Amino acid sequence: MPREWLSATGEIGRFTGSIVRDVWGLRVFRFFGEALRQSGILIISSAAVIWALMFVLALTCGIEGAYFGISLGAPTVAGQFAAWCDLREVIPYAFGYMMAAKVGTGIVAELGAMRISEEIDALEVMGINSVTFLCATRLLAAWLVLPFMYLIGIGGAFLASYIAVVQQVGAVSSGGFLLLFWQFQNPPDFLYSLIKAMVMATAIVLVGCYYGYNASGGPVGVGRATAKSMVLNLILIHLIGMLGTQVFWGANPRAPIGG
Amino acid sequence: MAVEEPVEPESHGVKETESEPESAHAGVVFEPPPREGAGEEEEFELHTGTIRPSKAPDAIEFIDVHKSFGRNHVLRGLNMGLPEGQISMIIGPSGTGKSVCIKHIVGLLYPDEGDVLVHGQSIPSLPDAELFEIRKKFGVLFQDGALFGSLNLYDNVAFPLRQHTEKGEEEIAEIVNRRMREVGLGGEGTKMPNELSGGMRKRAGFARALVLDPQIVLFDEPDSGLDPVRTALLCELIKEVHSEHGGCYVVITHDIMSARRVAEHISVLWKGRIVESGPAQELFASENPFVRQFLSGEAVGPLGME
């Protein structure tokens, strides 16, 4: 069994490597129109639901933080709690979960259906590199669109925490909340958070492409590939989240994690 | 299907083609030398391997091709020439590797052993970039049309033009509309593939396969899932388009009616090898019991359910 895992890992690495090389080597720009179309699809069909989950989990961060602060007898602590909860942990995860559930499985289903109905073969036969056309364009679209989508989502999440702490629970004044909220994060933290989310998004798109492109065994096979991709994506999201926190904030002198 | 492996796959009598690929060119009748070791060849006893000249040079040649999927040995020393300028049919029972042949011709599969030549170029040894280039010679009609589900019919047919040519939208529209009318789908351009019947999808796939004026057109079971009348109409369409544009057409089928209707050259494939191949009339007059049984579609004969 471990041997099969090893060879599967190698296979995924080789395949995803070729996708990344297609984007990096600018070969994907032959199909820039397709990449733009994929970007449009990403915005229209996935942005709202991703923002929604980010917003809801940021509300939770605010509520937890507010009652945590009250129980400590220091309600303003909610500001600090929300700042870290939002930017460092929960919001990147929310983004990853919904990316995996909506975009990742969508890619597997779409490419898998194309594989079993011979559409990928048809593309190849027309002299079009199907990995570049189908996979590299999707990765490029993700890189073009998702940073902005994520930053907007972060804005929504901050608003959600503010609403929960200041408007709903109401134990802290607006000024008190915002003072601690901004004191416990600085501009580089935004960048770190963005990097974390983009690494997750890249992994999700690549995993989706791998399982979809290589699907076999008819409609059942596509379903099975979709399930497998979701499992792997959830594992990768948490690995990336954990490693990201360690790397970016592990040595933070104000709150060392694991140090 | 239980496949018995031949003891020595290499020694089946047509070995000289490996050293001299040219000798597989049609125009040269080559009778395999007498077989030694009848035991290992027992299941191929009905394979005469006769190749009659088709009076045209070969556009596509299979030279001693072997291909296995896991333990399933599908092509077992296939030698086959498909002539230029004619409609050739590859016919044979289900599961004998007919579709695998097409995938070898366009380089979607590579042979484990042997070689596949298209206009003299060895497909398996081409680097990727050249393979993508040479594929522009081909038009392929897949079993279910393989239309892109996210594009409407017009965009499907226009797709190869938009990707491979610098033509303007007006010129593309003219070509696409002409091709769509040719296959009887004029005015249906805005429909999506899932709104169409199987026959319409196939015709649309045919239009798409023709849009770049390919020199070689491959049909993977164009008659599967169609009623006899639709099959007849599609066959007529294939003949019509071929008489207009020429080129090498290869049709894979197990339907004898369509073979009688359109084939100019027939290769009978069974158990991964050619039983007999040659011009259609000669094949229909063949003395080989397997070929006779298959071409007349009778239950009695050497071909059973196994």
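Two residues are taken to be in contact if their C-beta atoms, placed from the backbone, lie within 7 Å. The model is predicted. On this criterion, the contact between the chains takes 16 residues from chain B and eleven residues from chain A. Three elements of chain B each supply at least two residues of the side that touches chain A: helix H3 (128-134), strand S7 (138-141) and helix H4 (153-164). The largest share comes from H4(B), with three residues. By class, this side of chain B has nine nonpolar residues. Four charged and three polar residues complete it.

Chain B has 306 residues, of which 44% are buried. Its secondary structure comes to ten helices and eleven strands. Contacts between residues at least 6 apart in sequence were also examined in chain B. Of these, 68% join residues at least 24 apart.

In chain A, helix H8 covers residues 218-249. At 1.5 Å a residue, its 32 residues should span 46 Å. The end C-alpha atoms are 46 Å apart, so the expected and modelled spans agree. Buried residues occur in H8(A) from Val222(A) to Trp249(A). Among them are Ala225(A), Thr226(A), Ser229(A), Leu232(A) and Asn233(A). Leu236(A), Ile237(A), Ile240(A), Gly241(A) and Gly244(A) are buried as well. The buried residues of H8(A) pack against two helices of chain A, H3 (77-116) and H7 (187-213).

How values were computed
Residues are numbered from 1 along each chain as its sequence is written. Chains are lettered from A and ligands numbered from 1 in the order in which they are written. This is a predicted model: local features need pLDDT of at least 70, side-chain atom pairs count only at pLDDT 80 or more; totals for chains, interfaces and linings use all residues. Helices (H or I, at least four residues) and strands (E, at least two) are DSSP runs, numbered from the N terminus. The expected span of a helix is 1.5 Å times one less than its number of residues. A residue is buried if 20 or more other C-beta atoms lie within 10 Å of its own, exposed if 12 or fewer, and partly exposed in between; C-beta atoms are placed from the backbone. Ala, Val, Leu, Ile, Met, Phe, Trp, Tyr, Cys and Pro count as nonpolar, Asp, Glu, Lys and Arg as charged, and the others, Gly among them, as polar.
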